[in-house]
Amino acid sequence: MVRASQATTFSTSAYFDDRGAHGTAQPITERVNPHSRPIVSYFFPKGVGEHHYGERHPMKPHRLTLTNALVMGYGLDKQIHHIYNPRPATQAELEMYHDHDYIDFLSRVTPNNQNEMRHLIDTFNCVEDCPIFSEMYDFCRMYAGASLAGARKLTAGACDTAINWSGGLHHAKRGEASGFCYVNDIVLAILELLRYHPRVLYIDIDIHHGDGVELAFYHSNRVMTVSFHKYTGDFFPGTGKLDDNGASLGKHFCLNVPLQDGIDDDMYLTIFKTVIEDTVTTFRPTSIVLQCGADSLGCDRLGAFNLSIAAHGECVNFVRKFNVPLLVLGGGGYTIKNVSRCWTYETAVLVGAAIPDELPATVYDPFFRDSQWKLHPPLTGRVENQNSPASLQRITISIRNKLRYLQGAPSVAMQEIPPDLEGWLADEERKPDEIDEERGTAFAGERRSDRSMARNEFFDGDNDVDQDEGPVSASVKRTASARKPRAPRKQRAKGRTRPSTNAKEDGDEAEELPVATATRATKPRRTVKPRARARAKPAEKDKDVPDVDPEVPADAETDIPTLVDLEIDIS
């Protein structure tokens, strides 16, 4: 029975709000050409938005449900090439980065047994910001599995852009939770990308510093992290100074852009485009991971910037235009109606579709009633801008000076691709030919050793081409005997290269010399010839006559091969 003071009930209320003069966006009906580029894949784990951190907690996974409803309401699913409901990540996949003890703790702790596991809860920092809630481990596996699936599609070349708005939890550490984040899906996805991509660029536009990702790759030169965030020293997480540049091999591969409260669209886009363009030009990434935390928008519950949804989306569009394999993830964002609008708009940007400012009709219309169901409500001008052009110029100059130390993009040595995270075929016995075929060496079922050798290349080994022992092919003999002497020394080349008591043995040795040793054999003549010329010196009239064998006809001089030994009577 309905009371007289209660005008309506939920069951009798209108399914959709009556927008009156405010229009309603009609969904896109035209389907994308399956062969058009870029290919966009959209990952949404079913049920990921149904989890709840707890009463009054600012993190609301329900924002993912709102985002997906708006994406489908606009008809953007018709413009997306592939939509996936990815499987959850396995424990082995999570432990590719996180400690086993920590993942084991997440898999066992529940709100019912948290009192018995209080000592472990404190050890792994699952307090206050990171509470224990129902099905917490399943939630972590869902969003991590979606990011891993997106990375796999990119490495396989199945898509050019992968979108997972449920991911982007960038604060989680190897062995503890932090900042609403339990599992760092970004690090897991980058590790998967590194199996095929030599260089990965990570860009973070969340208002909070991406400390978890930076720490994971602080000593690596294959991952460059660039974070645009608010930094005052006491704003969470308290890291991300301009001077934090990485260490060891990762020195200068960690860039931080610390900003102050109230930065507006123009300032943000100017420094963002300048830094990212210089970074991409210098580092030359083969893939990019973009974390699109929406708490950098104006009017955010925990943020203090003045960014509009259009400016936030322009950052995504700028990165997209580099035409590099791109993994787009969510992140922070605590005014859920603005978060869902922002990520919906950025989905349209990534698929290249134009959508109207009016929101489509969904079951969540009451969430957007105060903004009159608009996609781009006014969000700017609420916080005083404490950034000056001079301060941003100093940051830009400092970033450019750091990029000068890179001296070009780092290279990666050729090596066997490590096993994938799933560990498929790890225990399967395979024949050597099958292993070669899987590695792509093109040697399955055959063995061949092709080598290219220069004419003046000499070496010792089984394939030695200038060794004296062993048979020499007839073609080599013919090539060696057919060579003509050079013009200035045509007649001198006929002489013996070395005096010998056995002319037959010397003749056989000369025939066995290959082409490559012709220059060696002619060198000793200079020490032998003067002796023969000295014996013939008393004959003054024969001074200019060359030394020849009188038994050899004169007209046959030019027909004698270069390396054939002759007996010369010098007595």
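G210 is buried (under 20% relative accessible area with a 1.4 Å probe, protein chains only), its own relative accessible area being 4%. In this predicted model, local features need pLDDT of at least 70 and side-chain atom pairs count only at pLDDT 80 or more, whereas totals for chains, interfaces and linings use all residues. Residues are numbered from 1 along each chain as its sequence is written, and side-chain values use heavy atoms, with hydrogens and water left out.

G210 lies in the loop between β4 (200–204) and α7 (211–216), where helices (H or I, at least four residues) and strands (E, at least two) are DSSP runs numbered from the N terminus. Although 18 residues separate G210 from F228 in sequence, their C-alpha atoms are 8.8 Å apart in space. T161 belongs to strand β3 (residues 161–164). The table sets out both residues, with contact meaning heavy atoms within 4.5 Å and residues up to four places away in sequence not counted.

| Residue | Relative accessible area | Contacts |
|---|---|---|
| G210 | 4% | H170, D204, S227 |
| T161 | 4% | I39, V40, S41, L154, L326, V328, L350 |

H170, a contact of G210, is also one of the residues lining the second largest cavity, among them M59, H171, C181, D206, H208 and Y334. A cavity is a set of points on a 1 Å grid over the protein atoms alone where a 1.4 Å probe fits but cannot get out, and lining residues have an atom within 4 Å of a point. The second largest cavity has a volume of about 50 Å³, a volume being the space filled by probe spheres set on the points, and the whole structure holds four cavities of 30 Å³ or more.

Notes
1 Å grid on protein atoms, 1.4 Å probe; cavity = no way out; pocket = protein on both sides within 12 Å on 5 of 7 lines; lining within 4 Å. Buried < 20%, exposed > 50% of the residue type's maximum accessible area, 1.4 Å probe, protein only.
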